[in-house]
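Let's take a walk through this one together. Have the sequence and the model side by side, and we'll go from one element to the next.

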Amino acid sequence: SRNGNDSFGDFFSKLGLATKSKQNVTPESAMQSTAVYACVRVLAETIASLPLMIYRRKADGGREPAQEHYLYHILHDIPNPQQSSFEYREMLMGHISLRGNAYSYLERENSTRIVNIYPLNPALMAVKLLNGKLVYEYSPLSEPARIYSEDDIWHWKGLSNDGIVGLSPISLAREAIGIGLSAE
């Protein structure tokens, strides 16, 4: 249901349920399949190589790059000190391809202006609907869980049944991937 303290997540990818071929298929094990790896790599590298710019509308209805906008440099060049824009978008497309969701923490200066965008591991995220608002619970393995509001997280969803979380392509295709892993 969509009320109360419900958690939306990817049941199969978290458990890594065995398939009829006796293969335990998770996003990590699926990447051992040459077909899965090739598909994820092509998607991730293609999306990452596309230009990412912020545009401003012109009076004549056209558009032009808004290079002076404070987010232009962050999105186009370097979202955080550890990654280029290419690396960041490649990683996020990999997350969407394998888990159906990609999450990023929006680090803000003085609680307003975004200064960095950090990717978060989707395997460690739970999305909950509490009192009509989305809440993101991120649980790193060696740290206490952190709770984020909708304003703190940039959530990229793949194909979704509920509009809240994306469906994991690996979970949906786990039987075929299991057969492929067995064949390899």
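How many residues sit between S4 and S5 in their hairpin? There are three, and one residue of the turn, Asn-110, has a positive phi of about 55°. Keep in mind as you look that this is a predicted model.

Let's stay with that hairpin for a moment. S4 and S5 run antiparallel to each other and are joined by seven bridges. One pairing to pick out is Glu-109, whose bridge partner in S5 is Arg-113. On S4 (residues 101-109) there is also a pairing with S9, again antiparallel, this time over five bridges. Here you can find Tyr-103 opposite His-155 of S9.

Put those pairings together and you get an open sheet of three strands, in the order S5-S4-S9, with antiparallel pairing. S5 (113-120) and S9 (153-157) are the edge strands; each has a single partner strand, so one side of each has no neighbour in the sheet. From one strand to the next, the twist averages 25°. As a general point, strands of a sheet pair through backbone hydrogen bonds.

Now bring in the helix. H5 lies across S4, S5 and S9, and its direction makes an angle of about 140° with S4. Its length works out as you'd hope: at 1.5 Å a residue, the 15 residues of H5 (residues 85-99) should span 21 Å, and the end C-alpha atoms are indeed 21 Å apart. Just after the helix comes Gly-100, with a positive phi of about 85°.

Is H5 largely enclosed or largely open? Eleven of its 15 residues are buried, so the rest of the structure largely encloses it. The buried ones include Tyr-88, Arg-89, Leu-92, Met-93 and the whole run from Gly-94 through His-95, Ile-96, Ser-97 and Leu-98 to Arg-99. For comparison, 39% of the 184 residues of the protein chain count as buried.

Tyr-88 deserves a closer look. The structure holds four aromatic pairs. In one of them Tyr-88 meets Trp-156 edge-to-face, 6.5 Å centre to centre and with 90° between the planes. Because Tyr-88 belongs to helix H5 and Trp-156 to strand S9, this pair ties together parts that are 68 residues apart in sequence. Both Tyr-88 and Trp-156 are buried. Trp-156 has another ring partner in Trp-154: their centres are 5.1 Å apart and their planes at 65°, so this pair is edge-to-face too. Tyr-88, Trp-154 and Trp-156 thus make up one aromatic cluster. Trp-154, at 30% relative accessibility, counts as partly exposed.

H5 has company from another helix as well. Look for Ala-48 in helix H3 (residues 34-49). With 1% relative accessibility, Ala-48 counts as buried. Leaving aside residues up to four places away in sequence, Ala-48 touches Phe-86, Arg-89 and Glu-90. The C-alpha atoms of Ala-48 and Glu-90 are separated by 4.9 Å, though 42 residues lie along the chain from one to the other.

Finally, step back to the whole chain. There are seven helices and nine strands. Among contacts between residues at least 6 apart in sequence, 55% join residues at least 24 apart. The chain exposes about 10700 Å², with carbon and sulfur atoms supplying 55% of that area.

How values were computed: Residues are numbered from 1 along each chain as its sequence is written. This is a predicted model: local features need pLDDT of at least 70, side-chain atom pairs count only at pLDDT 80 or more; totals for chains, interfaces and linings use all residues. Side-chain values use heavy atoms; hydrogens and water are left out. Helices (H or I, at least four residues) and strands (E, at least two) are DSSP runs, numbered from the N terminus. The expected span of a helix is 1.5 Å times one less than its number of residues. Buried means under 20% relative accessible area, exposed over 50%, partly exposed in between (1.4 Å probe, protein chains only). Contact means heavy atoms within 4.5 Å. Accessible areas come from the Shrake-Rupley method with a 1.4 Å probe; for residues, only the protein chains shown count as cover. Two strands pair if DSSP finds at least two bridges between them. Axes are lines fitted to C-alpha atoms, for helices over the stretch in contact, and angles run from 0 to 180 degrees between N-to-C directions. Rings of Phe, Tyr and Trp (its six-membered ring) pair if their centres lie within 6.5 Å; planes under 30 degrees apart count as stacked, over 60 as edge-to-face and the rest as tilted.
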